[in-house]
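Let's take a walk through this model, one helix and one set of strands at a time. Have the viewer open and follow along.

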Amino acid sequence: MKKKLAEINALIEKHDRFLITSHMDPDGDSIGSQMALYYSLLNRGKTVAVVNQGSIPAKYKFLDPDKVIDFSPDMLSFSPEVVIILECPSLDRIGFVRDLIPESAILLNIDHHNDNENYARVNIVDKESSAVAEILYLLFEEGKSDITPVIAKQLYAAISSDTGRFRFGSTTSRSMYVASRLIEKGAGPKEIADNLYSGMLPGTIKLLGRTLASLKVELDGKIGYFTITREDLEKSGGTIENSEGFVDFILSIYGVRMGFLFKELSDDVIKVSVRSQNGYDSANFASMFNGGGHTNAAGFSEKGELETVVKDVMKKAREYIRECD
Ligand SMILES: [Mn+2]
């Protein structure tokens, strides 16, 4: 990886105009990583834009107080020489941003997803990294570029969010080492945790209540799932964007090894988040429905009514668990 980090730093050195992007509906790692890279490139005197499809969940808004991330598909004010794609396993998943990439642009891909398609000129896909932010820390260190307190905050928040507060299996001694270095460089764990985990809106808490109350367990308690219907959204006043992290409660239930959250996006589109532990592979399971992700956290979308999708996925989940046992 060291050689590739140096290659990316050399390409950054050589060029002036950069576009940074990530997967649609960016999460904490996407947002923190993009913002950290944005400030780092800006400090190196580059022209930089960050464009994403989707929106920023409320709890991550503190990471972009100046509203740097552009969510509109309007043309860029400059033609990027280099496009850096963070946290995104395939080019399809950047959405409309794909149309903003000129033919001549050099693509760089920095990710930690199992199923990354290595679609760029330089691909750093490090599954051992707990977050893309962890790779960016190594990139900045290799390039001896300054990690300012603002950049440290972005990277720390991204790692905290992608490791579920430093407790997922992806948390390694290196994640902790990087986090510790980031605190030395000015990241404030309390300020960041308050923003990430204590700024919930009343509607979000009410939606969480309804989500938890929807719990169903199957197969002797080995599988659990939650649902969020459009009625839940209406009655709670919460939003789908602010339901990130709800699914993680599923693995706190005694005996549950694989869990799901079904979100009714519309009458016939259901978004499914998958979580697993103890040897069950979420990404592998999600790939049966054309989705993907990580070993313990993945997702996919299905067309159909909520009830039908739940039924189909549960059938496959029971088969999958029986096969693995
Ligand atoms: Mn990530």
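On one side of helix α5, S173, Y177, S180 and E184 are exposed, meaning that 12 or fewer other C-beta atoms lie within 10 Å of their own, whereas buried takes 20 or more, partly exposed is in between, and C-beta atoms are placed from the backbone. Keep in mind that this is a predicted model: local features need pLDDT of at least 70, side-chain atom pairs count only at pLDDT 80 or more, and totals for chains, interfaces and linings use all residues. Residues are numbered from 1 along each chain as its sequence is written. Helices (H or I, at least four residues) and strands (E, at least two) are DSSP runs, numbered from the N terminus.

Now for the other side of α5: S175, V178, A179 and L182 are its buried residues. Seen down the helix axis, these fall within an arc of 100 degrees, so they line one face of α5; the arc is that of the directions from the axis to the C-beta atoms. That buried set packs against α3 (132-142) and α4 (149-162), with contact meaning C-beta atoms, placed from the backbone, within 7 Å. Just after α5, G186 takes a positive phi of about 120 degrees.

Over to the strands. β1 (residues 17-22) has five of its six residues buried. Four bridges join β1 to β2 (residues 47-51), and the two run parallel; strands pair if DSSP finds at least two bridges between them. R17 has T47 of β2 as its bridge partner. β1 also runs parallel to β4 (residues 82-86), joined by five bridges, and there T21 stands opposite I85.

Terms used. Two residues are in contact if their C-beta atoms, placed from the backbone, lie within 7 Å.
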